[in-house]
Amino acid sequence: MAEGKIVKVSGPLVVAEQMSGARMNDVVRVGEKNLIGEIIELHGSLAYIQVYEETAGIGPAEPVVSLNQPLSVILGPGLIGSIYDGIQRPLNTLRDKFGDFITRGATAPRLDHNKKWRFIPKVKNGQNISAGDILAEVPESEVITHKILLPPHIKNGKVISVKPEGEYTIMETIAEVETANGNSGITMVQEWPVRMPRHFKNRLSPDKPLITGQRVIDTFFPLAKGGTACVPGPFGSGKTVVQHQIAKWADADVIVYIGCGERGNEMTDVLQEFPKLIDPHTGKPLMERTILIANTSNMPVAAREASIYTGITIAEYYRDMGYDVAVMADSTSRWAEALREMGGRLEEMPGEEGYPAYLGSRLAEFYERAGKVTCLGSGNREGSISIIGAVSPPGGDLSDPVVQATLRVVKVFWSLDDRLAYERHFPAINWLTSYSLYDTALSKYLEDEIGRKAVNEKNLAIKLLEEEDELKEIVRLVGLESLSANQQLILRTARSLREDFLHQNAFHKDDSYTSLKKQFSLLKIILHFHKEAKEALKKGADLDDIAKLLVLEEIAAAKYLSPDKLDKYDDLIEEISKQLSELLTNKGTEIPEKE
């Protein structure tokens, strides 16, 4: 155990000498107050340490002790429903112990050592097992069954003994396994370095969408389970709103929400809302499948750098159990600012806009930990991690290095528009500049689940919105009267797509979340009206008369129908055809029978 003493303190950076036995990324205890830090650079016997707590009052000659292990997380039953800081200190436990403000150097068990969990063994004595096999199951919440896995470092072994079904604490030995290096006692917990990706058998191609319940996302710019997405936008454009909506309603089994450098009141909203909200997929409170990592803007800046690694490692642990996990990182810009501050204090050569030269590679390492995989262990257990990263470029400038480095590695770009946000159009995702590279991979899923016409309907809707943008330029120059009736109909349909389909009310119980089936039913209604109205115009109908049809009010209200009344959408399609038919009949136009 290397021991040294402080020679320099520069904000969160501490330099210690006589640390010749220390290694890169070792966790250290700094000063008389035992602050937690991590070695990020070594020069001979000098160790450069980023400290995850406030360093005020720490001075030269105070001791520094290396713990000879990397920054790691403790993984086991009890993670679900917890809130941690960036280095996995349990904030609820620390609040009960020290009050509303955390005492420097404070520590607490990261999982409850006294709570007893229901243990259900899944192996028998004498059974051969390998890394990643399921030893037992523990009901962690009403929604999540925690699977106790054989640790990855034990490649092969034989079960000597396993505890019978009953209640045990996480630190009790629940199984004895014979390995090549002797017998090994297994508990319910594992420890894993946060900067090292957890192992899996092989990577798979994403082929199913992550259903978020947000129509602009699921219909136009879908994210696959195991995919990566970027949500950049200026201040006030609704990045956190989008992240919260996805965290609430996404059909992932487990949600890991990382509040990295964001305002404390935003995390407070999450903590107050989530226990009250009911998951539409399970009917249980959302906290039954959620883990929160809170490292807000008033917490030490160095801990931001560790927070996203803590969150992604916990996500990988649940992925290894065979779950689909969604990770919300809000925001990676604040994480990059922490890198920039530490790089400046280390006197590293700055890159673009002062960010370190390795910014792009660090972001790529983080997003590469997403994916759909075949997990370790017998059988073909599959799990996935989807990462949605918010980016907060200064002034909404998308040429910002963090945005550009992120776009190089992610496959979905949801472009937030402050103009839409100011118009109270939420989600404020610009449908003209956003894209998803998972469209082709997910088209088969759409055809199987919704119908063969689903992809064509989506493409037609996007085309109408693009044509609207072009026609608006003509209207600005020469006026609405210069457009033909068909062009004016395109403007009306596009407005319906924007107001009746893309816009969602997060405070309406039936509009905040929309199932995929309901989304395409809504889209079908709007496009059916467009098609029938276009035919009516050809047969002599007047556009102003079409615009006065009562059915338009029913189309506008269709998104507020409850999920158990989707059969009314078929009635609405019939009503559209009926009213347009009556309009033509009143004009004396005979309608030929449809073939």
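1. D567 is exposed in this predicted model, its relative accessible area being 51%. That value lies close to a class boundary, because a residue counts as exposed over 50%. D567 is placed in helix α16, which covers residues 567-586. Together with D564, D570, D571 and E574, D567 forms a negative surface patch.

2. The overall make-up of the protein may be stated next. Its secondary structure amounts to 16 helices and 26 strands. Taken along the principal axes, a box of roughly 95 × 55 × 40 Å holds the C-alpha atoms. The protein has 595 residues, of which 54% count as buried. The area that the protein exposes is about 25900 Å², with carbon and sulfur atoms supplying 49% of it.

3. On contacts across the sequence, one figure deserves attention. Considering contacts between residues at least 6 apart in sequence, 70% join residues at least 24 apart.

4. V159 offers a local example from a strand. This residue belongs to strand β13, residues 156-162, and counts as buried at 2% relative accessibility. Leaving aside residues up to four places away in sequence, V159 touches V123, K124, N125, G126, Q127, I129 and E176. P109, by contrast, is 50 residues from V159 in sequence and 29 Å from it in space, C-alpha to C-alpha.

5. Q519 offers an example from a helix. It is found in helix α13, residues 516-538, and is buried, with a relative accessibility of 0%. Once residues up to four places away in sequence are set aside, the contacts of Q519 are G213, Q214, R215, D218, T219, F501 and T514.

6. Charged side chains number 70 positive and 85 negative, and the centres of these two sets lie 3 Å apart. Across the whole structure, a search finds 32 salt bridges. Three of the pairs are taken up in the points below.

7. E305 and R195 meet through their side chains in a salt bridge, at 2.9 Å from N to O. The pair links distant parts of the chain, the two residues being 110 apart: E305 sits in helix α5 (residues 302-320), while R195 sits in the loop between β17 (190-193) and β18 (202-204). E305 counts as buried at 4% relative accessibility, whereas R195, at 27%, counts as partly exposed.

8. D510 and K509 also form a salt bridge through their side chains, with an N to O distance of 3.1 Å. The accessibility classes of the partners should be noted: D510 is buried at 12% relative accessibility, and K509 is exposed at 71%.

9. Helix α13 carries a further pair. E535 and K538 both lie in this helix, three residues apart, or about one turn. Their closest N and O atoms are 3.8 Å apart in the salt bridge. This distance qualifies because a salt bridge is counted within 4 Å. With a relative accessibility of 33%, E535 counts as partly exposed, while K538 is exposed, with a relative accessible area of 61%.

10. Finally, salt bridges may share partners. Those that do so join E38, R195, E305 and R362 into one network.

Notes:
Residues are numbered from 1 along each chain as its sequence is written. This is a predicted model: local features need pLDDT of at least 70, side-chain atom pairs count only at pLDDT 80 or more; totals for chains, interfaces and linings use all residues. Side-chain values use heavy atoms; hydrogens and water are left out. Patches are made of residues with over 30% relative accessible area and no salt bridge: like charges are joined within 9 Å, nonpolar side chains (Val, Leu, Ile, Met, Phe, Trp, Tyr) within 5 Å. Accessible areas come from the Shrake-Rupley method with a 1.4 Å probe; for residues, only the protein chains shown count as cover. Lys and Arg count as positive and Asp and Glu as negative; His and the chain ends are not counted. The place of a charge is taken as NZ of Lys, CZ of Arg, CG of Asp or CD of Glu. Helices (H or I, at least four residues) and strands (E, at least two) are DSSP runs, numbered from the N terminus. Buried means under 20% relative accessible area, exposed over 50%, partly exposed in between (1.4 Å probe, protein chains only). Contact means heavy atoms within 4.5 Å.
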